[in-house]
Amino acid sequence: MAAQSDGKAGVGCGSGFAQLYDVDADEPLDSAAIHICQCCRTSACYWGCRSACLGSLLGGGQPIGGAGIRETHCPPREQLWLDCLWIILALLVFFWDVGTDLCLAVDYYQRQDYLWFGLTLFFVLVPSVLVQILSFRWFVQDYTGGGLGEVEGLTKRGAVALGCLYPGKDRLHLATIWLWQATIHILQLGQVWRYIRTLYLGIMSRRQKEHQRRWYWAMMFEYADVNMLRLLETFLESAPQLVLQLCIMIQENRAETLQCISSLASLLSLAWVLASYHKLLRDSRDDQRSMSYRGALLHLFWRLFTISSRVISLALFASLFHIYFGIFVVVHWCAMAFWVVHGGTDFCMSKWEEVLFNMVVGIVYIFCWFNVKEGRTRHRMVAYYTVVLAENTILTGLWYAYRDPALTDSYAVPALCGVYLTFAGGVLVMLLYYGFLHPATAHLQPSPASSCCAQLLWGLPLPPSAPPTAPPTPAHMTKSQTEEDVAETCLPVFQVRSAPPTSKPDGPLIKIDMPRKRYPAWDAHYVDRRLRRTINILQYITPAAVGIRYRDGPLLYELLQYESSL
């Protein structure tokens, strides 16, 4: 039978099976667990496990035919100080990147290099202003139009309606909050404020036992917002800034200390944002394994090396062929955007937002790989890196052929070696990441969502060998079993044991008449601001957990509260 939402359950991260348990409890409840078969990899699991492997899991014995199942417990949470350190380092990288760029712009102005001053300042201010506008727009959407602002008294209507419950929420408080948000966004500090608020909400979600779910939802929403904003700003500011500064150093045949520091900060910012984005995306989804910090660091070095190779080749080519460099960037962006559109992404809630997202991803693809489609990425990554390697070879080859030997002999060979060595190092680190520290690596026990039992859960198409009327019998069943024996051992894919009685009331359930977005897309309740407002309101006015139910194929899957590492 399907699991029913009781508003007080959370999804734990077991390797052999998924568990539902009370998030306010210290340990999962052994008597309230959902067991998902993962040992029989046949299409029979789509319509009920007939191989007795699930019965063995529930009963404690070994399945017939020797197909065992490994039961593992939920891994311990990452320590709180690691989560805080990760966010603090992200803040430091942000300040380092923007601060060095501004200092470099001032240095160009003092040296009367007005062209470089103008370009450097342009790539700092314009992306920052665009991101601040988007951030403030998100704040307005979250706190107006029937959102959380009315519940907390942040609007006039909310203050009047809930004045008896929240006497301190008056017009002065409302004006103070709006003035504060407007000020920090005018000062271009919207992302800084969101990082600080994420840190605060994350600590409170781990320390406050009362209303813990409310703190958790607020933390995840805020952290998702700041990562999306940083991803947009980084590829609009840090990436072109890095190419610009390297091009200046090559043209002037010298490298100032401040230029090197600024370039290093931009490179680190790019790699850090990509690693942080992918880690958070996995942490936000209960159908995916979380990325460990060791995996995030290896992911960071993978990005550092591959982006370095790409940027060096772009800078070498741009130092000689200014117009052709612009043509190359536009053509590559158009080709990558068309590739992304042809692949069919599902990240946004509207068509025009999806088109805009694909255009931004096309910009990202100028510098590095970015996964936007569910499924195995091996072939797509091989195709992308083959194209990038060919482009890097052509760009550096043209630069080497038309360069001025008298000016470039001192660094020509080291530059060419740097392009290929960093590319090879990045590919090697990528292979190490996918081989050992990737959350879905074959060396680890597969997650419940990757099993054949869960594929129907996520709305994937059924295989041809699994007709609804006559599911095939798994190969590891013994021939001595009769149809009656099969019927006796035919257990449902999911079996929920009765939970201990509790006095907590059932929480509200939000039913979403749409399929759940598939990884690597964000869930709809992260990208749809209206749905987020609804969740925030319900979390604020009810003591019970809020359940979310998506429509996925023949089954309805309930996305319940689950714990994260922060």
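The exercises below, each with a worked solution, concern a predicted model of one protein chain.

Residues are numbered from 1 along each chain as its sequence is written. Because the model is predicted, local features need pLDDT of at least 70 and side-chain atom pairs count only at pLDDT 80 or more, while totals for chains, interfaces and linings use all residues; side-chain values use heavy atoms, with hydrogens and water left out.

**Exercise 1. The chain as a whole**

Describe the secondary structure, burial and confidence of the chain.

Step 1. The chain has 19 helices and six strands. These are DSSP runs, numbered from the N terminus: helices are H or I with at least four residues, and strands are E with at least two.

Step 2. Of the 566 residues, 51% count as buried. Buried means under 20% relative accessible area, exposed over 50%, and partly exposed in between, with a 1.4 Å probe and protein chains only.

Step 3. Contact means heavy atoms within 4.5 Å. Among the contacts in the chain with a separation of 6 or more, 75% come from residues 24 or more positions apart.

Step 4. The mean pLDDT (the predictor's confidence in each residue, from 0 to 100) is 73, and 67% of the residues reach 70 or more. It stays under 50 over residues 149-167, for which the model has 30 contacts beyond four places in sequence. It also stays under 50 over residues 553-566, where the corresponding number of contacts is 69.

**Exercise 2. Two helix lengths**

Compare the span of helices H7 and H19 with the expected span, which is 1.5 Å times one less than the number of residues.

Step 1. Helix H7 (residues 190-207) has 18 residues and reaches 26 Å from its first C-alpha to its last, close to the 26 Å expected.

Step 2. Helix H19 (residues 529-541) has 13 residues, so it should span 18 Å; its end C-alpha atoms are 18 Å apart, in agreement.

Step 3. The buried residues of H7 include Val192, Tyr195, Leu201 and Met204. Their cover includes helix H2 (80-110), helix H3 (114-143), helix H6 (171-186) and H8.

Step 4. In H19, the buried residues include Arg529, Leu531, Ile535 and Tyr540. At the start of H19, a side-chain oxygen of Asp528 reaches to within 3.1 Å of the backbone nitrogen of Arg530.

**Exercise 3. The nonpolar cores**

Identify the largest nonpolar core and the residues with the most contacts inside it.

Step 1. A nonpolar core is a set of buried Ala, Val, Leu, Ile, Met, Phe, Trp, Tyr and Cys residues joined through side-chain atoms within 4.5 Å.

Step 2. The largest one has 100 residues, and Phe235, Tyr365, Phe370 and Trp522 have the most contacts inside it. Helix H8 (residues 212-252) gives the most to this core, with 20 residues.

Step 3. Apart from it lies another core, of five residues, among them Tyr108, Trp116, Leu244 and Ile248.

Step 4. Beyond four places in sequence, Phe370 touches residues including Leu231, Leu274, Tyr277 and Val361.

**Exercise 4. Two residues in helices**

Determine where Leu280 and Thr396 lie and what they touch.

Step 1. Leu280 lies in helix H9 (residues 257-284). Its relative accessibility is 2%, so it counts as buried.

Step 2. Leaving aside neighbours within four places in sequence, Leu280 is in contact with Met220, Tyr223, Ala224, Asn227 and Trp522. Leu280 and Ala224 are 56 residues apart in sequence, yet 7.2 Å apart in space, C-alpha to C-alpha.

Step 3. Thr396 lies in helix H13 (residues 378-402) and is buried because its relative accessibility is 1%.

Step 4. The side chain of Thr396 reaches the backbone oxygen of Asn392 at 2.7 Å. Beyond four places in sequence, Thr396 touches Ser313, Leu316, Leu416, Val419 and Tyr420.

**Exercise 5. Loop residues**

Locate Pro520, Gln112 and Gln188, and describe the backbone of each.

Step 1. Pro520 lies in the loop between strand E3 (509-512) and helix H18 (524-527). A cis peptide bond joins Tyr519 to Pro520, with omega about 15°.

Step 2. Gln112 is found in the loop between H2 and H3. Its phi is near 65°, a positive value in a residue other than glycine. At 56% relative accessible area, Gln112 is exposed.

Step 3. Gln188 lies in the loop between H6 and H7 and has a positive phi of about 65°, although it is not a glycine. With a relative accessible area of 23%, Gln188 is partly exposed.

Conventions:
A polar contact is a pair of N or O atoms within 3.5 Å; within protein, one must be able to donate a hydrogen and the other to accept it, and residues adjacent in sequence count only if both atoms are side-chain atoms.
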